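Good morning, everyone, and thank you for making time for this short talk. Please have the sequence and the model open in front of you, and follow along as I go.

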Amino acid sequence: MQKKTWILNFAVFFLHIFTSSKALDVTQYGAIGDGVTDDSQAFLKAWEAVCSGTGDGQLIVPAGMTFVLQPLKFQGSCKSTPIVVQILGNMVASSRGNWEGDKDQWILFSDIEGLVVEGNGVINGQGSSWWEHKGSSRPTALKFKSCNNLRLSGLTHVDSAKAHIHINNCNGVSISNLRINAPESSPNTDGIDVAASSNVIIQDCVIATGDDCIAINSGTSNIRVCGIDCGPGHGISIGSLGKDGETASVEDICVQNCNFRGTTNGARIKTWPGGSGYARRITFSGITLDNVENPIIIDQHYNNGGSEKNTDDKSSAVEVSKVVYSNFVGTSKSEYGVDFRCSAAVPCTEIFMKDVRIETPSSGSGQVAQGQCLNVRGVSTLAVPGLECLALSTDMLSSAELPEQTCMLPQPSVQPSTRPMQDPFWVYGSGGKRHRVFDVVLTSFIFVVLYMY
């Protein structure tokens, strides 16, 4: 009898360990998910619970439902680390006419350590009602502020009123496997903006918007971007930097193995006249171009979309140096494949080009694109188009000054596991719905054991 009791207790304990789930679902806090009802307060209540330690730090936005939301602020710090938010359903912003509150952003996560936001759901910014009001305030769809050791993956982001994702003041960020879409005509709908952040990896994303696919802004260092399919849009940009006399700092940036399709720019660095600071140790490598308007461009005369090509109206500029362009291949929509417009007061220095071949589609045999440069110093080898401002070299790779080490960046600090520690493996990844068949199997096993003994 004692033996059977011991077996029964063990079996019940075993069943509890493998079937219990403490993850919170927003519908437990009143979210309806019918695509009409405002579910904002339910989301805030669910966040307050998970941040305070309920639910083992796991919050689920369930599949098959559409949640209409006003501006939300999910604030840390939290008792649970990590916090795992699984977005499996659709989150839809209120339209401009029904908007209530902050117009700076729609969804804000701030001051959260070890935040994981993932899933196969959709974040829809309902931007079409905002785009015609280009001069007025428009919200970024999803913003992360002061969230160290952040992981963002798997989601689809569509039609933000302004930028889709903004990363600010974060250290140790991994962004992967996102799809970001907005019409080519939608204004300022950047895919991912990064500012004042370090140790960031952005990889394996498909981005098609009306502005920069990715913009790397001031205060950034150790940023790696790879495996991005960009287009339409304005390419991958460093900047803009130096607006209104800003002192900018950008260094150790690597953009590699990316495709640009029908974009207005490819690899772009843009700075405002009158700024100061630096953008340095930047590498663009392994780039494929398909009908790109400006495949390679440095513009130190940037003026919010315009540029004065031949004049300096300021005595200072953000210093651009130690930039490598390597292994570029493809076509330019314009006659110029390379366009360097640098400042006379602060020229661009140590600009390296190697293994570059850019053609124009105007000739069936592939007419070589042209290049132009102003106030640039550097070296090139095996580069087409060639530039008179860059010295020719056949042994460029042996140069100790070649800053391609920026493409071997340290990984962000260890990311928290996104697999819920208290959930059985069949619950994780099941759309937030438990697979009861395993409960039945385990229960049957218990009765078989009891019967045998």
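I will begin with the sheet and the helix lying on it, and then turn to one annotated residue.

Please keep in mind throughout that what we are looking at is a predicted model.

As general background, the strands of a sheet pair through backbone hydrogen bonds, and they may do so either parallel or antiparallel. In this model there is an open sheet of 11 strands with parallel pairing, and if you trace its order you will read S5-S8-S11-S14-S17-S19-S21-S23-S25-S29-S32. At the edges stand strand S5, residues 72–75, and strand S32, residues 370–374, and because each has a single partner strand, one side of each is left without a neighbour in the sheet. From one strand to the next, the twist averages 10°.

To see one pairing in detail, take strand S14, residues 165–168, and strand S17, residues 192–195, which run parallel and are joined by 4 bridges; Asn168, for example, has Ala195 in S17 as its bridge partner. Back at strand S5, helix H2, residues 40–51, lies across S5 and strand S8, and the helix runs at about 5° to S5.

Now, which residue does the UniProt annotation "active site" cover? According to that unreviewed entry, the residue is His234, and you will find His234 in the loop between strand S20 and strand S21. Is His234 buried, partly exposed or exposed? Because its relative accessibility is 24%, His234 counts as partly exposed. Beyond its neighbours within four places in sequence, His234 is in contact with Gly210, Asp211, Asp212, Thr264, Asn265 and Arg268, and the His234 side chain reaches the backbone oxygen of Gly210 at 3.4 Å.

Notes: Residues are numbered from 1 along each chain as its sequence is written. This is a predicted model: local features need pLDDT of at least 70, side-chain atom pairs count only at pLDDT 80 or more; totals for chains, interfaces and linings use all residues. Side-chain values use heavy atoms; hydrogens and water are left out. UniProt positions are given in the numbering used here, feature names are shortened, and annotations may be inferred rather than shown by experiment. Helices (H or I, at least four residues) and strands (E, at least two) are DSSP runs, numbered from the N terminus. Buried means under 20% relative accessible area, exposed over 50%, partly exposed in between (1.4 Å probe, protein chains only). Contact means heavy atoms within 4.5 Å. A polar contact is a pair of N or O atoms within 3.5 Å; within protein, one must be able to donate a hydrogen and the other to accept it, and residues adjacent in sequence count only if both atoms are side-chain atoms. Two strands pair if DSSP finds at least two bridges between them. Axes are lines fitted to C-alpha atoms, for helices over the stretch in contact, and angles run from 0 to 180 degrees between N-to-C directions.
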